[in-house]
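Here is a structure to explore together, one question at a time. Take a look, and then we can ask what makes each description fit.

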Amino acid sequence: MKKPYIVIPALDPDHHLLALVDEVSAKDPDWSHFLGIIIVDDGSQPKSVFQELANRHRIHILEHEKNQGKGAALRTAFRWILSQKEERCSGAVTADADGQHLAEDILAVCTRLKGYPDKLWLGSRTFDENDIPLRSKVGNKLTRVIFRLVTGQDIKDTQTGLRGVPVGFLEELVDFNSCGYEFELEMLLSAKRYGYRIKSQEITTVYEEGNETSHYRPIVDSIKIYRKFLKFASIGILSAGLDYSVFATAYFFSGQVLESIILARVISGVFNFSLNRQWVFKQGSHIAWDATKYGFLAVVLIAANYGLTEVFRYIGLTPFIGKPLAEGLVFLLSYRGQKLLVFKKAV
């Protein structure tokens with residue numbers, strides 16, 4: 001049966017990493033759950049922990065001369081795995097180096113990936129324990145809500161670093177551009193597009209007060225994680241303002257809902273397409289093809305917008321009010337449509 005590699009990115013690790021590697025090996029001395037352990041030194045100083053790890057059996061040390069971020073470290077490990085062309089490999093199980101994941105939970109995710117190698121497995125925490133910091137609970141719930149709104153999928157733990165990634169998905173992930181913690185969220189956002197269902201394996205929630213080896217910065221890294229969606233939202237707000245201004249002006253003079261919506265969408269659409277293409281999705285394919293796909297999506301959104309506006313007018317709301325309400329309802333449809341249809345190659 002195929003087995004995964006265990007991948008652990010590390011920056012300035014301490015005894016937690018040594019203990020984790022030893023415990024994983026002790027709990028599976030025959031290496032029946034995994035092929036080996038890959039440790040990525042992401043520009044750490046000093047190197048004493050890695051020198052000690054190098055003497056252990058079936059430990060592969062990869063090194064970045066300078067710190068590049070967790071996403072970059074994971075991609076380095078994924079490239080190494082693919083370069084081995086190991087027919088027995090089912091993928092990679094990623095874990096953190098700071099003591100947040102227990103050996104038995106890592107092996108449990110390995111078992112899941114062995115049994116179901118066509119799914120993306122998440123080691124999901126419950127966040128129900130009393131000693132979990134409020135910022136961690138709020139951060140997970142916020143990301144969970146945004147993820148559900150954007151993708152329609154309800155994931156219990158969107159921020160977990162313990163994941164079982166199918167080998168086929170590794171081939172896609174190595175081409176991603178993200179280098180930091182946002183890489184992990186974009187992995188989830190892209191899984192469905194590449195045909196991988198997301199499944200969960202419940203794990204123990206481990207939290208150590210004052211853990212100095214954790215390099216996650218709640219405010220800075222949260223902004224990076226949500227950056228693409230926030231940029232899209234800000235452009236959407238500007239586009240909506242332009243759209244409504246044109247619509248209101250045209251409707252005031254013509255009294256025609258559909259014609260006013262079309263005119264407003266054409267003008268705001270050019271504005272929206274240009275900024276999203278260059279600033280949010282950074283698409284590099286032919287602009288004419290992108291514009292064609294965007295135009296098709298715009299027709300669908302215009303129809304949805306018009307239908308909703310007419311429904312609101314039927315129940316007694318003036319289009320001056322119904323139009324903004326309709327815009328809000330089609331906003332998430334627009335994001336998903338642009339990401340999955342118009343800018344499909346962008347990550």
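Q: How many bridges join β1 to β4, and do the two strands run parallel or antiparallel?
A: This is a predicted model, and in it β1 and β4 are joined by five bridges and run parallel. Strands count as paired with at least two bridges between them, so β1 and β4 qualify. One place to look is Ile-6, which stands opposite Val-93 in β4.

Q: What makes β1 and β2 a pair?
A: Again the cut-off is at least two bridges, and five bridges join β1 (residues 3-10) to β2 (residues 37-42). These two strands therefore pair, and they run parallel. Along them, Val-7 stands opposite Ile-38, and Ala-10 stands opposite Asp-41.

Q: Which strands are the edge strands of the sheet?
A: Seven strands form an open sheet with mixed pairing, in the order β3-β2-β1-β4-β6-β5-β7. The edge strands are β3 (59-64) and β7 (197-202), each of which pairs on one side only. From one strand to the next, the twist averages 25 degrees.

Q: Why is β1 described as largely enclosed by the rest of the structure?
A: Eight of the eight residues of β1 are buried, so the description fits. Here, buried means under 20% relative accessible area.

Q: Which helices lie on the sheet around β1?
A: Helix α3 (residues 70-84) lies across β1, β2, β3 and β4 (89-94), running at about 150 degrees to β1. Helix α4 (residues 103-115) packs on the sheet too, where it touches β1, β4, β5 (119-124), β6 (163-166) and β7. The direction of α4 makes about 150 degrees with that of β4.

Q: Why is α1 called oblique to α4?
A: The axes of α1 (residues 15-27) and α4 come within 9 Å and cross at roughly 60 degrees. That angle is not under 35, not over 145 and not in the range 65 to 115, so α1 is oblique to α4. The crossing is right-handed. Where they meet, Leu-20, Glu-23, Val-24 and Lys-27 in α1 contact Ala-103, Glu-104, Ile-106 and Leu-107 in α4.

Q: Which residues have the most contacts inside the largest nonpolar core?
A: They are Ile-38, Phe-78, Ile-81, Leu-120, Phe-169, Leu-173 and Ile-198, in a core of 32 residues. At least two residues of this core come from each of β1, β2, α3, β4, β5, α6 (167-173) and α7 (182-191). Another core, of 28 residues, lies apart from it and has Val-49, Phe-50, Val-93 and Ala-103 among its members.

Q: What does Phe-169 touch, not counting residues up to four places away in sequence?
A: Phe-169 touches Leu-120, Met-187, Ser-190, Ala-191, Tyr-194 and Tyr-196.

Q: How do you know whether Thr-309 is buried or exposed?
A: Buried means under 20% relative accessible area. Thr-309 has 1% relative accessibility, so Thr-309 counts as buried. This residue lies in helix α10 (residues 287-314).

Q: Which residues are in contact with Thr-309, leaving aside its neighbours within four places in sequence?
A: Thr-309 is in contact with Val-257, Ile-261, Pro-319, Gly-322, Lys-323 and Ala-326. As for Leu-325, 16 residues apart from Thr-309 along the chain, the C-alpha atoms of the two are separated by 7.9 Å.

Conventions: Residues are numbered from 1 along each chain as its sequence is written. This is a predicted model: local features need pLDDT of at least 70, side-chain atom pairs count only at pLDDT 80 or more; totals for chains, interfaces and linings use all residues. Side-chain values use heavy atoms; hydrogens and water are left out. Helices (H or I, at least four residues) and strands (E, at least two) are DSSP runs, numbered from the N terminus. Axes are lines fitted to C-alpha atoms, for helices over the stretch in contact, and angles run from 0 to 180 degrees between N-to-C directions. Contact means heavy atoms within 4.5 Å. A nonpolar core is a set of buried Ala, Val, Leu, Ile, Met, Phe, Trp, Tyr and Cys residues joined through side-chain atoms within 4.5 Å. Buried means under 20% relative accessible area, exposed over 50%, partly exposed in between (1.4 Å probe, protein chains only). A crossing is left-handed if the near helix is turned anticlockwise from the far one by less than a right angle, and right-handed if clockwise.
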